[in-house]
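Biologist: I'd like to learn how to read a few features in a model like this one. Could we take them one by one?

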Amino acid sequence: MTQPELSIELTGLGMKNPVILAAGILGTTGASLKRIAGSGVGAVITKSIGTIPEKGHPNPSLVALECGLLNAMGLPNPSYKEFNDELATAKEGDVPVIVSIFGSHPDEFSEIIEGLEGADAFELNLSCPHSQQYGAAVGTDPVLVEKITKAAKTTASVPIWVKLTPNVTDIVTIGEAASRGGADAVVAINTIRSMAIDIHSGYPILGNLYGGLSGAAIRPVAVKCVYDLYRALDIPVIGVGGVSKWEDAVEMMMAGASAVQIGSAIYDNFTIFSEISEALFTFLKSRDLNLGDIIGIAHKKVKQ
Ligand code: DHB
C-alpha cells in the first residue's frame, strides 16, 4: 500500500495539503495570518481588501445562531495602500497567501492588484451578500463578472480565483462568465443573504439589518453549487461553506472540489486545519486512495 499524497498544485500554487483558511476570518492582520499558517493549513486567504479604508458597519456585526454565524462586517479594511506590510508579515508564514479583493469596477480591481506586492494569488470577492456596490452587487451580473475577471487577469502575474455568490438563480452562469474572463479557479460559495430578529425587542439584530449566513446550515447548498460548477467548467472548483469535519471535506471533494476552505468552524476549533488534513490522510490511506480518486467521484456514480 502506498501512502496517499496530500500535497497539491492548485492553479500553479504548491500546497502541502488542500485545506485553506477562507477569506474573512482572522485575515486582517499579517500576524494572525502567520499564526494560522503555522497551524497546518495548505494556504491562507486575507480579509477582503479594497481601494479606500472602510470602518465597516455599526455593531452588532456578528451573531452566533444555532445553525451558523450571521455577519455583516461591512468589508472593513485598511485599503491596499496600507496592506503591504501586513502581507509581508503573512508571507513569513511559509504557505501561499491569497489576497481577497473587492471593488465595483474592473479598474478598481486592477488598481488594487497593481498596488499589492507579494500576493501568491488573488481571490476576487464578487459575492459579499449585503453591499450596495461591491461583492454580489457586481457578482450577480455575468457581463460584469467576465469584465472584472478579465481586467484582474490582465493585470496580475499570479493566479486569479473568483469567489461566487449562491444568491443567484443559476450559479453556473456566473461561473461560466468567470471562466470566460480567464479565471484560474472558481470558489463556491460565499455566504447566503439572511437576517435575524430579536423577538424580545422586535429589532433586527445586525447593525446593517441583514448579512451573510455561514456555517453548517449552508453546507448542502455549497455541495450542490460545487457539484454543478464541476460538471460545467474546465477550471478547478474550490469548495467552501460549512465544512467543520473531515467528512465534510471529503463530501465537498466528492462533489468536485479540488481543495476546501474553512471559515466559521475556526470559531470553535483553532486546530481544525491539522485535524482535518490528518483525518483526510487516514481516510485515503485506509482505502488505498489518493485525492485524485475522490475529487468529483459523485459524478461517476450517477447517470448524466
Ligand atoms: C462580509 C463580506 C463577505 O464576503 C461576506 O460573505 C459576509 C460579510 C462583510 O465584510 O461584511
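Biologist: Why is Cys-225 in no bond with Cys-128?

Modeller: In general, a disulfide is a covalent bond between the sulfur atoms of two cysteines. Here we call a pair of cysteine sulfur atoms a disulfide if they are within 2.5 Å. The sulfur of Cys-225 has its closest cysteine sulfur in Cys-128, and at 17 Å that is too far for a bond. This is a predicted model, in which local features need pLDDT of at least 70 and side-chain atom pairs pLDDT 80 or more, while totals for chains, interfaces and linings use all residues. Residues are numbered from 1 along each chain as its sequence is written, and side-chain values use heavy atoms, leaving out hydrogens and water.

Biologist: How many disulfides does the rule give?

Modeller: Zero. Cys-67 is in no disulfide either, as its nearest cysteine sulfur, that of Cys-225, is 17 Å away.

Biologist: Is Cys-225 buried or exposed?

Modeller: We go by relative accessible area with a 1.4 Å probe and protein chains only: buried is under 20%, exposed over 50%, partly exposed in between. Cys-225 is buried at 9%, whereas Cys-67 is partly exposed at 39%.

Biologist: And the ligand: where does it sit?

Modeller: The ligand sits in the largest pocket. "Sits" requires more than half of its atoms within 2 Å of the grid points; a pocket is an open set of points on a 1 Å grid over the protein atoms alone, where a 1.4 Å probe fits, with protein on both sides within 12 Å along at least five of seven lines.

Biologist: Which side chains have a polar atom by a ligand oxygen?

Modeller: A polar contact is a pair of N or O atoms within 3.5 Å. Among them, His-130 places a polar side-chain atom 2.8 Å from a ligand oxygen, and Thr-191 has a side-chain N or O atom 2.7 Å from one.

Methods
Polar contact = N/O pair within 3.5 Å; in protein donor to acceptor, adjacent residues only side chain to side chain. 1 Å grid on protein atoms, 1.4 Å probe; cavity = no way out; pocket = protein on both sides within 12 Å on 5 of 7 lines; lining within 4 Å.
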